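Here is a friendly walk through one protein model, with the contacts, the enclosed space and the sheet taken in turn. Please keep the viewer open as you read.

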Amino acid sequence: MPLDADLSAWLRLSLTPGLGGEALRRLLLALGGPGQVLAARRAELAKYVGETVAASIRDYDAAPALSTAGAWLEEAVNDIITLADTRYPRQLLEIPDPPPLLYVKGRVELLSRPALAIVGSRNATAQGLANAEAFARTLSDAGLTVVSGLALGVDAAAHRGGLAGSASSVAVLGTGADIVYPARNRALAHELAAGGALVSEFPLGMKPLAGNFPRRNRLISGLALGCLVVEAAADSGSLITARLAAEQGREVFAIPGSIHSPLAKGSHALIKQGAKLVESARDILEDLRMGAPSAPAPAPAPAVVTNPRAQRLLDAFGHEPCDLDTLAARSELPVAEIGALLTQLELDGLIATLPGGLVQRLHR
């Protein structure tokens, strides 16, 4: 899209130092569009935002930033939508602090479709990652765009599941839309730009500052009908997103876990506070009054265990992680043999190794 006079005015105001979203909306309500704000006398501006910010509006040199934005918009998949744009997501107009504009790379229309936020630990277990991807795939096939934050762990798994389904996925960034963070998710970001969307309220070039991420969380929940927490420690940032979702009037869902797992503490706390316990994607769809998911592509068949002793070891697993001594006691197999059998079961995708010498059976 071209960088016309109206969009240039929006960009200049959004980039003005000291002029936050609330103050900008106050000026627009009082004076009209961004062009009228920029044309207003300093004394008139000061009535609404004070002398310091009024001076900043009048004196700020936005030429370098406008040049950067213009060059970025030359790429066909890049777009900037403002509060006055008919494509601006209606869901964000319902939250207390909607951003004045959004930088979007990818499919803008996804921002206005029914969506569900999926968040969780960056250090999720193998089972948590499998749950996040499976839930996201089913929900996407049912027509819910999956929204998350492009972080490692649950976020990345949720994006992969959403992209595999029919409704795709949207990543809300804590950086400028021209920066991929973390860098390990660069390939995933390219997939999202091609088939989903990346969105940010932060200016181009914005680095991953710590304070950006709690702020972006309100957009993850704000774009969605509800928020699903897959795995979260008691002090997880995912709980911030869940709290914001509740404050915004969105539904909050949580997948329970083992009472012994630190990554279940956050989910259990949410359930105690009124979040809805879910065991399948269908629980969410029924709560949101969504239809049943369309038939997904068949999943790969699980590996067949042909070694009777390997099957005996697999049967010794419960639903919680355990150590080698526990497996030896349950299976009555020698520890020396168990190591080789575990290696084969892991290669077959049936178990996962965890920190602390623990192993866990994967349920899909």
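## Salt bridges and their surroundings

Asp-141 is buried, with a relative accessible area of 12%; buried stands for under 20% relative accessible area, exposed for over 50%, and partly exposed for what lies in between (1.4 Å probe, protein chains only). Before going further, note that this is a predicted model, in which local features need pLDDT of at least 70 and side-chain atom pairs count only at pLDDT 80 or more, while totals for chains, interfaces and linings use all residues. Residues are numbered from 1 along each chain as its sequence is written, and side-chain values use heavy atoms, with hydrogens and water left out.

Which residue does Asp-141 form a salt bridge with? The partner is Arg-137, and the closest N and O atoms are 3.0 Å apart. A salt bridge here is a side-chain nitrogen of Lys or Arg within 4 Å of a carboxyl oxygen of Asp or Glu. The two residues are four apart in helix H6 (residues 126-141), so about one helical turn separates them. Helices (H or I, at least four residues) and strands (E, at least two) are DSSP runs, numbered from the N terminus. Arg-137 counts as partly exposed, at 23% relative accessibility.

The structure holds 18 salt bridges, and the table sets out three of them.

| Acidic residue | Basic residue | Closest N to O |
|---|---|---|
| Glu-51 | Arg-42 | 3.8 Å |
| Asp-141 | Arg-137 | 3.0 Å |
| Asp-287 | Lys-276 | 2.7 Å |

In the pair of Asp-287 and Lys-276, Asp-287 belongs to helix H12 (residues 281-287) and Lys-276 to strand E9 (residues 276-277), so the contact ties together parts that are 11 residues apart in sequence. Both ends are partly exposed: Asp-287 has 25% relative accessibility and Lys-276 has 31%. Elsewhere, salt bridges with shared partners join Arg-25, Asp-97, Glu-201, Arg-215 and Arg-218 into one network.

As for Glu-51 and Arg-42, Glu-51 is exposed at 51% relative accessibility, whereas Arg-42 is partly exposed at 41%.

## Cysteines

How many disulfides are there? The count is zero, where a disulfide is a pair of cysteine sulfur atoms within 2.5 Å. Cys-227 is buried, with a relative accessible area of 0%, and Cys-322 is buried as well, at 5%.

## The enclosed space

One cavity of 30 Å³ or more is present. A cavity is a set of points, on a 1 Å grid over the protein atoms alone, where a 1.4 Å probe fits but cannot get out; lining residues have an atom within 4 Å of a point. The largest cavity has about 40 Å³ of space, a volume being the space filled by probe spheres set on the points. Its lining includes Leu-150, Val-172, Tyr-181, Phe-213 and Arg-216. By class, the lining of the largest cavity has six nonpolar residues, three polar and one charged.

## The sheet

Nine strands make an open sheet with mixed pairing, in the order E1-E2-E6-E5-E4-E3-E7-E8-E9. Strand E1 (78-82) and E9 are at the edges with a single partner strand each, so one side of each has no neighbour in the sheet. Two strands pair if DSSP finds at least two bridges between them. Strands E7 (residues 226-229) and E8 (residues 251-254) run parallel and are joined by four bridges. Within this pairing, Leu-228 has Phe-253 in E8 as its bridge partner.

Definitions and conventions
1 Å grid on protein atoms, 1.4 Å probe; cavity = no way out; pocket = protein on both sides within 12 Å on 5 of 7 lines; lining within 4 Å. Nonpolar A, V, L, I, M, F, W, Y, C, P; charged D, E, K, R; others polar.
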